[in-house]
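Colleague: Pick one part of this model and take me through it closely, please. I'd rather have a single region in detail than a quick tour.

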Amino acid sequence: MKKLWTVIVLISLLAGCNFDHKTEKQNTITTQEMATEEGTSLEKNIKKMKGVEDVKIMQAQDDLLIAIKITTVDRFQLKEITKKVKKKVERKYPEMDVTVSPDKKIFMEMDKFETKYAEKHYSEAKIHKKIKSLVKLSKDEG
């Protein structure tokens, strides 16, 4: 009987460990066009690409800024991965001014802005201004 209780306790502990309480954080700040399932599918498609660990997308007016986090193993193919992501997005959105940045600082800045955006919703003009400053920052550093 003691062994049976031990087995039951172990099974319940193992089952409890597999339960995941995470809720997926929204990874995009978008206007109406990108807020649709199309925007999340773009994010999913980029995440599926070899070497891409995580993605942040910001879009306002005709600017689209994509920050990608490259896996450590694939850091040597940084330029190639960035070009592939940019080509893929430009094919899907030819009318957009697409900027892809593998810079960790840009990724972190977008994450901070996203957190602030969740607290208080900014106007599209404010988002557009932030995108322009991040694009400028990425070109200055890169």
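Modeller: Let's go for the nonpolar interior and the charged pairs.

A word on the ground rules. It's a predicted model, so local features need pLDDT of at least 70 and side-chain atom pairs count only at pLDDT 80 or more, while totals for chains, interfaces and linings use all residues. Numbering runs from 1 along each chain as its sequence is written, and side-chain values use heavy atoms, with hydrogens and water left out.

The largest nonpolar core has 17 residues. By core I mean buried Ala, Val, Leu, Ile, Met, Phe, Trp, Tyr and Cys residues joined through side-chain atoms within 4.5 Å. Buried is under 20% relative accessible area, exposed is over 50%, and partly exposed is in between (1.4 Å probe, protein chains only). The members touching the most others are Ile46, Val52, Leu64, Ile66, Ile68, Val85 and Val89. At least two core residues come from each of α2 (37-48), β2 (52-60), β3 (63-70), α3 (78-92) and β4 (97-101), and β3 gives the most, with four. Those elements are DSSP runs numbered from the N terminus: helices are H or I, at least four residues, and strands are E, at least two.

Now zoom in on Ile66. Leaving aside residues up to four places away in sequence, Ile66 touches Ile46, Val55, Lys56, Ile57, Val89, Thr99, Val100 and Ser101 (contact being heavy atoms within 4.5 Å). There's also a second, separate core of 14 residues, with Phe107, Met110, Tyr117 and Tyr122 among them.

On to the charges. A salt bridge here is a side-chain nitrogen of Lys or Arg within 4 Å of a carboxyl oxygen of Asp or Glu, and that rule gives nine. Glu109 sits in helix α4 (residues 104-119) and touches Lys130 and Leu134, again not counting residues up to four places away in sequence. Glu109 also bridges to Lys112, with the closest N and O atoms 3.5 Å apart. Why about one helical turn between them? Because Glu109 and Lys112 are three residues apart in α4. Glu109 counts as buried because its relative accessible area is 19%.

Elsewhere, shared partners join Glu43, Lys47 and Asp54 into one salt-bridge network. Lys47 pairs with Glu43 at 3.6 Å between the closest N and O atoms, and with Asp54 at 3.6 Å as well. Lys47 and Glu43 both belong to α2, four residues apart, or about one turn. Lys47 is partly exposed at 31%, whereas Glu43 is buried at 8% and Asp54 is buried at 19%.
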